[in-house]
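Let's take a walk through this structure, starting where its chains meet and then moving inside one of them. Keep the 3D view open as you read.

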2 protein chains.
Amino acid sequence: MKVDGKDMRPIWFDTASKTVQIIDQRLLPHELIIKDLTSVDEVIGAIKDMYVRGAPLIGATGALGVYISLVQKNNRGTDNEYLELECNRLKDARPTAMNLFWGVDRVRDVVLKEVSYDARVKAALTQALEVVEEEAVNCQKIGEYGLPIIEEISRQKNGKAVNILTHCNAGWLACVEYGTATAPIYTAFDNHIDVHVWVDETRPLNQGSRLTAWELGKHGIDHTVITDNAGGHLMQHGMVDVVIVGTDRTTRAGDVANKIGTYLKALAARDNNIPFYVALPSSTFDWSITDGIKDIPIEERDPDEIRYVQGLLNDKIQSVLVPPETSPAANHAFDVTPARLVTGFITERGICKATQEDIMALFPDKKI
Amino acid sequence: MKVDGKDMRPIWFDTASKTVQIIDQRLLPHELIIKDLTSVDEVIGAIKDMYVRGAPLIGATGALGVYISLVQKNNRGTDNEYLELECNRLKDARPTAMNLFWGVDRVRDVVLKEVSYDARVKAALTQALEVVEEEAVNCQKIGEYGLPIIEEISRQKNGKAVNILTHCNAGWLACVEYGTATAPIYTAFDNHIDVHVWVDETRPLNQGSRLTAWELGKHGIDHTVITDNAGGHLMQHGMVDVVIVGTDRTTRAGDVANKIGTYLKALAARDNNIPFYVALPSSTFDWSITDGIKDIPIEERDPDEIRYVQGLLNDKIQSVLVPPETSPAANHAFDVTPARLVTGFITERGICKATQEDIMALFPDKKI
């Protein structure tokens, strides 16, 4: 998407330097810094420390990570045991994102079919870049399939701004292009539909106020940052027309793991008869499980992500301590929204209800 | 309550200097600063800028504010028109807290009965201090009436820690002693019941992580700071036994205005069959209204309270900017939890259900 008129993605392969490059998203919106990824350790660090985040982008990064394992210093590119170890290390970088396992395995599988080192490197890069491009195309399709939902509300409101609430960042920074939750929003905006986005700030790491607000602003989309506490009140007062969020892992029965706090918004949407959509490429489905609350492991992260808040002060990015030095904090990164609270899924193949029957009817080729 | 072994309240009349003094709560937990209030303008500033906050404390401050109007520089203490003007200015300081109107009017009413200046000053101080002491006694009683709820859960859990979730600060800093939501917690702790409190940080002003965590820590109560997003997840996983919150205004039919985000916790509690109690002195009831969503005006505060986060950095209290400089924010300070989501009210007269019938049966002397 455009940043100050220039095309930009959160990850790319720089053909001149033959290096994988990423935006260091930890410093946005205040600094736009590009980093090279040249080893599996750097890839793991970038995923763990959230230079890159968001399910589809983590998948793309994991896919390119397999390529990096073959070209990094001291690689043992034709040793299958080495490859498995590096792939497993990549997959362990974050426990919730389905796309990470999917992206890594997809490249590993094509590499294992090749014998020579050069063929392996070439196959890994080709396949990883295919994963990246597929994510971009999938998000574009999510935008096209989601567009009629916003168009219809716009029609009902006689063209008055459609108010969309979103949580966290499921925008292009979390993907490759368009984003998932934001894809219908960008597509509607580009089709001259009047939209306004309520951006949940999304504590603790503020991906909403830092990243979604930045993205939308750069694209010229009207938006307002709110606290994560505010959505229920806005819904009670008719100020939200539709909720659209992303997901890090969704079961084949439709339970949705997404950034902590999503469940609370789904409850409020249900209580106020507001449609609650989840936008995702099918790589985010975990076809092997049905019960999200029981079967999706929820990552617990460093409590200091809650205790310290990072922002701009005196032209530098700095962190302030909010609670008493001695007070502990707990940092569960995701929650699970039960399928019963989800109006529908917006996927690259179309929209379906949040039931196993409907999901499997849209993806009959997926193995259970 | 105790702070480092010393008795402390958030507001008091210093008999030596004949001055009303308060804790400047904006600087907690990192600095404990005492301020004098010597004019109505200072009182209004202290309420508006949240040196003092919390419904019962705002009521006590408003009551003492009427006394201050009579002793401030250039007062026209025997002029009833002046008195009404100053009282109205005090009542306009914040629009949501019922206790403010109640506290101001109570002192104004006794002042109007006196003619001489000296009698007015004396009556105002006596009545205001009575309001302050009543709030302390009311909170003590809320603690006694709320205790059996926690005792019963402790019994059911065979003495294992009772996990209580609370939102914002309805502690002694919001009241005079004990707090409202925290009163049953302090009382249980002082009765040697094992308790653990999940403290919602409560964006945007972080009264939970700054004030509730500080209070609980100073009293030695086990607690964990969480983001406002986390409560639903904890409830889904059996990690919350009961929710107790305060309120800024409650209708006689049981709709509860409280800090923004309370409604989302009530929805999650209902979805997970967890009791959701609201603790309040009867001064917080607005006997004149029934429909909280329609009839309670919700204060909108400065968006910069969301955009900037204050905390400790290099031993100084400083603020960092989180979203892009150009992104707007909206700051609704309260929301309304419908009575249907409230398990019960814990008041100074006992516990009642959140129905007009039950509330009025407990307070038959209150005029509708």
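Chain B and chain A bury about 4,800 Å² between them in this predicted model, and 62% of that area lies on carbon and sulfur atoms. Each side puts in its share of residues: 61 from chain B and 61 from chain A.

What holds charged partners face to face here? The count between chain B and chain A is four salt bridges. One of them to look up is the pair B:R203 and A:E201, whose side chains come to 2.6 Å, N to O. On top of that, 28 residue pairs are in polar contact across the interface of chain B and chain A. Several elements of chain B give two or more residues to the side that touches chain A, including strand 8 (223-226) and helix 7 (207-219). Helix 9 of chain B gives the largest share, six residues. Sort the residues on that side of chain B and you get 32 nonpolar, 21 polar and eight charged.

Now zoom in on chain A alone. The domain assignment splits chain A into domain 1 (2-134) and domain 2 (142-366), with 25 Å between their centres, taken over C-alpha atoms. These two domains of chain A bury about 2,900 Å² between them, 58% of it on carbon and sulfur atoms. On the domain 1 side, A:R53, A:T96 and A:M98 lose the most area to domain 2, together 21% of what that side buries.

Salt bridges turn up here too: three span the interface of domain 1 and domain 2 of chain A. Look also for A:R9 and A:E177, a salt bridge with its closest N and O atoms 3.0 Å apart.

Notes:
Residues numbered from 1 in each chain as written. Chains lettered and ligands numbered in written order. Predicted model: local features only at pLDDT ≥ 70, side-chain atom pairs only at ≥ 80, totals over all residues. Heavy atoms only, no water. Contact = heavy atoms within 4.5 Å. Buried area = accessible area lost by both parts, 1.4 Å probe. Polar contact = N/O pair within 3.5 Å; in protein donor to acceptor, adjacent residues only side chain to side chain. Helix = DSSP H or I, 4+ residues; strand = E, 2+ residues; numbered from the N terminus. Nonpolar A, V, L, I, M, F, W, Y, C, P; charged D, E, K, R; others polar. Domains from an automatic or database assignment.
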